[in-house]
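Thanks for coming. I will go through one model today and keep it short. Please have the sequence and the structure open.

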Amino acid sequence: MQILKAAAAEGRKVDLQALVDAIPYCRFLGIRVDRKGTELTTILTFSPHLIGNPVLPALHGGVIGAFLETTAIIQTAFEIGGASLPKPVDINIDYLRSGRPVDTFGRAVITKQGRRVVNVHAEAWQDEHTKPIAALRGHFLVASDEAES
Amino acid sequence: MTLLEASGGTALCRVPYDEKLIGNPETGVIHGGVITSLLDNTCGIAVGVKTKLVGAIATLDLRIDYMKPATPKQDILAFADCYRVSRNIAFVRGLAYHTDKDDPIATCTAAFMLGTKSFRGANLPAKEGE
């Protein structure tokens with residue numbers, strides 16, 4: 001991606017909000033990134049179009065999954081700094097609590113960084129960080145070789 | 001997203017290609033989260049048709065393996081089969097593809113909790129003879 005390439009060429013960290021805003025599906029979900037030094041928090045601002053179960057009401061499981069996946073991708077892109085977006089190989093999502101109709105926050109940690117693949121763990125929470133609503137574990141391809149993409 | 005078929009313990013859904021679903025603006029490939037959403041939903045529907053529980057279902061976990069990127073501008077289909085239902089849990093496998101089930105974009109396995117708290121009693125199927 002151009003934004004990533006430019007940042008890599010200039011040897012600086014990428015502007016994460018600009019990166020997220022360049023991804024149409026992230027714009028559709030309304031994902032924002034809060035960066036404090038090297039600590040990243042992604043924010044899924046509540047909006048009625050994110051509801052999956054209108055009776056409860058609860059956030060859509062797929063939306064929570066997409067949010068966690070984006071959180072993992074952003075963290076990986078930030079730390080690894082390749083020229084293209086990390087590509088998901090497999091993800092495993094555990095749904096721990098129902099997502100209430102409020103803002104959701106996400107953080108990801110790279111558990112293991114390999115040459116081609118990273119293992120990432122991400123969590124999403126609402127009021128309390130210690131009470132996650134969902135967690136993701138996954139592998140993402142980070143091969144910087146453009147020919148491979 | 002539209003539901004095309006739901007019978008036995010299976011469901012088939014389609015999500016048409018849309019620019020707002022793009023995950024990589026340079027290639028036009030759909031965001032992985034869209035596939036997640038589609039598979040979660042399709043698996044949930046398969047559980048719904050198998051158990052006759054509507055709404056009283058919660059995803060416990062969902063594992064997705066991405067086989068290849070989706071082809072831009074093509075609709076995505078998702079098929080799910082609820083192959084086992086126990087007292088509390090339903091197990092489902094599913095796949096997302098364009099035209100050929102043998103050439104999937106992604107496969108998934110999921111487990112669902114049945115008769116979740118918020119719905120308990122409200123949505124369970126009537127017992128025989130009631």
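**Chain B, and how it meets chain A**

This is a predicted model, so confidence comes first. Chain B has a mean pLDDT of 88, and 88% of its residues reach 70 or more. The weak parts include residues 119-124 of chain B, where pLDDT stays under 50 and the model has 10 contacts beyond four places in sequence. Over residues 126-130 of chain B the pLDDT is also below 50, and that stretch has zero contacts beyond near neighbours in sequence. Where pLDDT is low, the predicted coordinates should not be read in detail. For the model as a whole, ipTM is 0.85 and pTM is 0.89.

Now the layout. Chain B holds one helix and eight strands, and from the N terminus the order is β-β-β-β-α-β-β-β-β. Of its 130 residues, 42% count as buried. Take the contacts in chain B between residues at least 6 apart in sequence: 65% of them join residues at least 24 apart.

Start at the N terminus. Strand 1 of chain B, residues 2-7, is hardly covered, with zero buried residues among its six. It pairs with strand 2 of chain B, residues 10-15, in the antiparallel sense over five bridges. Thr2(B) stands opposite Arg14(B) in strand 2. The hairpin of these strands has two residues between them, and Gly8(B) there takes a positive phi near 55 degrees.

Is helix 1 of chain B enclosed or open? With 18 of its 20 residues buried, helix 1 of chain B is largely enclosed by the rest of the structure. It covers residues 32-51 and reaches 29 Å from first C-alpha to last, close to the 28 Å expected at 1.5 Å a residue. Just after helix 1, Lys52(B) takes a positive phi of about 65 degrees.

Next, the contact between the chains. It takes 28 residues from chain B and 26 residues from chain A. On the side of chain B that touches chain A, the elements giving two or more residues are strand 3 (22-24), helix 1 and strand 5 (57-66) of chain B. Which of these gives the largest share? That is strand 5 of chain B, with nine residues. By type, the residues on this side of chain B divide into 10 nonpolar, 11 polar and seven charged.

Strand 5 of chain B also pairs across the chains. Its partner is strand 5 of chain A, residues 87-95, in the antiparallel sense over five bridges. Within strand 5 of chain B, Leu62(B) is the residue that Ile93(A) stands opposite.

On to the interior. The largest nonpolar core has 79 residues, and those with the most contacts inside it are Leu29(A) and Ala96(B). Helix 4 of chain A, residues 61-80, gives the most to this core, with nine residues. Leaving aside residues up to four places away in sequence, Leu29(A) touches Leu44(A), Leu50(A), Val63(A), Ala66(A) and Phe67(A).

Last, a loop in chain A. Asp127(A) lies between strand 7 (117-125) and strand 8 (132-141) of chain A. Is Asp127(A) buried or exposed? The cut-off for exposed is 12 or fewer C-beta neighbours within 10 Å; Asp127(A) has 11 inside 10 Å, so it counts as exposed. From Asp127(A) to Gly138(A) is 11 residues in sequence and 25 Å in space, C-alpha to C-alpha.

That is the tour. I will take questions now.

Conventions:
Residues numbered from 1 in each chain as written. Chains lettered and ligands numbered in written order. Predicted model: local features only at pLDDT ≥ 70, side-chain atom pairs only at ≥ 80, totals over all residues. Helix = DSSP H or I, 4+ residues; strand = E, 2+ residues; numbered from the N terminus. Expected span 1.5 Å × (residues − 1). Core = buried A, V, L, I, M, F, W, Y, C linked by C-beta atoms within 7 Å. Contact = placed C-beta atoms within 7 Å. Nonpolar A, V, L, I, M, F, W, Y, C, P; charged D, E, K, R; others polar. Pairing = 2+ DSSP bridges. pLDDT = per-residue confidence, 0-100.
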